[in-house]
Amino acid sequence: MGDPESDFNLKVILVSFKQCLTEDGQVLLDHYITSWKGLVRFLNSLGAIFSFISKDVVSKLQIMEGLRNSPQGEHYTSLQSMVAYEVGNKLVDIDRRSRPRYPNSGCRTVLRLHRALRWLQLFLEGLRTSPEDASTSTLCSDAYNTTLAAYHSWIIRQAVTVAFCTLPTRKVFLEAMNVGSSEQAVEMLGEALPFIENVYDISQKLYAEHSLLDLP
Ligand SMILES: CCCCCCCC/C=C\CCCCCCCC(=O)N[C@@H](COP(=O)(O)O)[C@H](O)/C=C/CCCCCCCCCCCCC
């Protein structure tokens, strides 16, 4: 049996995104939630300054677990079945002008995580391809500005900018992935990032097909 501490590395988490996908391209929500829990664990290890971010992710994961464990749980087996169920039964707030009726819908909640997954993909790709002396804070902000920033209020953008300034160097970051040297971490990212990319692309297509990419 493996040692839980040494098993805890970023490769395990990134590869777990592979398990989210079935052969016919269903995104399995149980695995999706588990993969995100692993990411939260990493985020927590970066320090208390990131706790406002991890609290938000945890609350979204709790919403999804609540739906999954509810009497309607079978509809929340995959992203596809969730979208079919919630859209088909009008359980999603589509119109920004109306009073929210379903603030905790699965579609809305996963959309927030889905956007964050794109941030993660761009950030880790930046880490992988950047020179040794690249600033992680710049890599992180660049990825943030092209993904999540557009959806966040001014106050959150300011808090995030401060938190980014506390990030460790690229070398420390790569070693914190717990997969060996920085060179090995870079290699691992090259192998494992496509798993995140696949999940992101399939989810993006599904949400676009149902016009769900801009849910309030
Ligand atoms: C050793 C390297 C490993 C890197 C592993 C990184 C692990 C990353 C884990 C989590 C990523 C951040 C997830 C952020 C989710 C944000 C969801 C969101 O947009 N929530 C907002 C909207 O929700 P509603 O209000 O509409 O319900 C919410 O308002 C936001 C609240 C908190 C701020 C979120 C800031 C996100 C910044 C992303 C960068 C994270 C920096 C991590 C540093 C590596």
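Helices (H or I, at least four residues) and strands (E, at least two) are taken here as DSSP runs, numbered from the N terminus. This is a predicted model, in which local features need pLDDT of at least 70 and side-chain atom pairs count only at pLDDT 80 or more, while totals for chains, interfaces and linings use all residues. Residues are numbered from 1 along each chain as its sequence is written, and side-chain values use heavy atoms, with hydrogens and water left out.

**The whole chain**

Begin with the full protein in a cartoon view, where 10 helices and zero strands are to be found. The C-alpha atoms fill a box of roughly 50 × 45 × 30 Å along the principal axes. The radius of gyration, taken over C-alpha atoms, is 18 Å, which agrees with the value near 17 Å for a compact globule of 216 residues; the globule rule is 2.2 Å times the number of residues to the power 0.38. Counting contacts (heavy atoms within 4.5 Å) between residues at least 6 apart in sequence, 69% join residues at least 24 apart.

**The annotated span**

Next select residues 28–178, which an unreviewed UniProt entry annotates as "domain: Glycolipid transfer protein"; UniProt positions are given in the numbering used here, feature names are shortened, and annotations may be inferred rather than shown by experiment. The end C-alpha atoms of this span lie 27 Å apart, and the span is 65% helix and 0% strand.

**The core**

Colour by accessibility, with buried meaning under 20% relative accessible area, exposed over 50% and partly exposed in between (1.4 Å probe, protein chains only). Buried residues make up 42% of the 216 residues. The largest nonpolar core, a set of buried Ala, Val, Leu, Ile, Met, Phe, Trp, Tyr and Cys residues joined through side-chain atoms within 4.5 Å, has 64 residues. Those with the most contacts inside this core are Leu 10, Tyr 32, Trp 36, Met 82, Leu 124 and Leu 189. Centre the view on Leu 189, which touches several residues, among them Leu 10, Leu 124, Arg 128 and Pro 194, when residues up to four places away in sequence are not counted.

**Aromatic pairs**

Now show the rings of Phe, Tyr and Trp (its six-membered ring), which pair if their centres lie within 6.5 Å; planes under 30 degrees apart count as stacked, over 60 as edge-to-face and the rest as tilted. By this rule there are five aromatic pairs. Phe 17 and Tyr 32 form an edge-to-face pair, at 6.4 Å centre to centre and with 90° between the planes. This pair links distant parts of the chain, since Phe 17 is in the loop between α2 (10–16) and α3 (29–45) and Tyr 32 is in helix α3, 15 residues apart. Phe 17 is buried at 0% relative accessibility, and Tyr 32 is buried at 2%. Tyr 76 and Tyr 85 form an edge-to-face pair, at 5.9 Å and 80°; Tyr 76 is buried at 3% and Tyr 85 at 16%. Finally, ring pairs link Trp 119, Phe 123 and Phe 173 into a cluster.

**Charges over rings**

Select Arg 115 and Tyr 151 together: the charged end of Arg 115 sits over the ring of Tyr 151, 3.6 Å from its centre. The criterion is NZ of Lys or CZ of Arg within 6 Å of the ring centre and within 35 degrees of the ring normal. Arg 118 lies over the face of Tyr 200, at 5.5 Å from the ring centre.

**A last stop**

End at Lys 55 in helix α4 (residues 51–68), which is exposed, with a relative accessible area of 59%.
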